[in-house]
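Work through the exercises below with the sequence and the 3D view at hand. Try each task before reading its solution.

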Amino acid sequence: MVRCYKALSNPPPSCYNLHKVKIHVRRPRSGNGGGSSSSCARDQHLQLESSGRAGSAGGTSNRITRFRLQFPQLALRRRLGQLSCMSRPALKLRSWPLTILYYLLPFGALKPLTRVGWRPMSRVALYKSVPTRLLSRAWGRLNQVELPTWLRKPVYSLYIWTFGVNMKEAAVEDLHHYRNLSEFFRRKLKPQARPVCCAHSVISPSDGKILNFGQVKNCEVEQVKGVTYSLESFLGPRISTEELRFSRASSGNSFQQQLVTKEGNELYHCVIYLAPGDYHCFHSPTDWRVSHRRHFPGSLMSVNPGVARWIKELFCHNERVVLTGDWKHGFFSLTAVGATNVGSIRIYFDQDLHTNSPSYSKGSYNDFSFISNNNKEGIPMRKGEHLGEFNLGSTIVLIFEAPRDFKFHLKAGQKIRFGEALGSL
């Protein structure tokens, strides 16, 4: 039989009580070996008392043995920041150092801590808690610092060697011409370096690596093979049908069906990853009209393919600029996704766009319409025309409507350059 008494009548003002516990065990009498197990259980008597109560009577039998059990786990978990009553910043502050050491130290050096109730943060949660926006702004400030003339060539040469930059394609090959790292990242190319393919309807808007492409199914898009994200979460709520000239869209259809404007058409997507050594400007992939811009302030996590396989809906968490409009076959959109150290996404015809702002509300977005009384057609873009630029490498996502006989001329993982064909009818 176990009797439990309440804690101290006047506990200290804390979210946990660390009071000592005494356990009195009354040993069973020896004797008849034929007694049943139930009679032995009745002979055993456990009495738990709080240390705040008075001890048991002094004339206890010698058969009663006292054990004093203390619980260091509670104190240890308090020190390690594992109690739920602690504030979220305090939990992160106390969990970060030990969690980092847990994953870095060899031979499971901190595994004994898990036996007393401590649990490290997951790798994804740890990475998401890193202040990537702050680090990206600091990197942006550093990139704008003007380098001395004698230091420019060694710094840029190291970058060229590390990321395999082809400076023979640059409009200005002299490294001393670039005053800071930001200018070097945004270098222009020679006009003949990227010929635009006129035979195909959709071309690559930038240099990069093809992560994924194909037809959109079940309102989900693959960021890499096997890892998907929601189409509606990525693009945001559907824009006014009047602005995007949607005629067949109905509120009862799915989000994917609402984007398709013509019978017999399907929705397609293509994801292009820009590495740090790639050409950082992006261009118009086809002839289309941009009618709306939606800016999602968000995280700036790395969009490297390895990280994209690791974090679900990575593109929906990161800051991005969604340009939507229409082309000859219906809906068309181009999304520039930000990443770590890519605090600046610039759209040349949109002077009101400011990315990586210090103050933002998570999950919010800002809309801007290019359709007005003076400009009812939006912003016309021609295939290959300059559209914008990144401050470093990142990702371009194309989502567009096309007839069912549209075919991609791509392979997953292949390298592609601006102006080369993506697909055609």
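Three exercises follow, on cores, contacts and strand pairing.

This is a predicted model: local features need pLDDT of at least 70, side-chain atom pairs count only at pLDDT 80 or more, and totals for chains, interfaces and linings use all residues. Residues are numbered from 1 along each chain as its sequence is written, and side-chain values use heavy atoms, with hydrogens and water left out.

**Exercise 1.** Find which strand gives the most to the largest nonpolar core.

Solution. A nonpolar core is a set of buried Ala, Val, Leu, Ile, Met, Phe, Trp, Tyr and Cys residues joined through side-chain atoms within 4.5 Å; buried means under 20% relative accessible area (1.4 Å probe, protein chains only). The largest such core has 32 residues, and Cys270, Trp288 and Phe400 are among those with the most contacts inside it. Strands are DSSP runs (E, at least two residues), numbered from the N terminus. Among those that supply at least two residues each are β9 (265-273), β11 (288-296) and β18 (395-403). The answer is β18, with four residues. A second, separate core has 29 residues, including Leu211 and Val221.

**Exercise 2.** List residues in contact with Phe400, leaving aside neighbours within four places in sequence.

Solution. Contact means heavy atoms within 4.5 Å. The partners are Glu266, Leu267, Tyr268, Trp327, Phe331, Phe332, Phe406 and Phe408.

**Exercise 3.** Which strands are the edges of the three-strand open sheet?

Solution. Two strands pair if DSSP finds at least two bridges between them. The order is β10-β17-β14, with antiparallel pairing. β10 (281-283) and β14 each pair on one side only, so they are the edge strands. β14 and β17 pair over three bridges; the partner of Arg346 in β17 is Glu389.

Definitions and conventions
Buried < 20%, exposed > 50% of the residue type's maximum accessible area, 1.4 Å probe, protein only.
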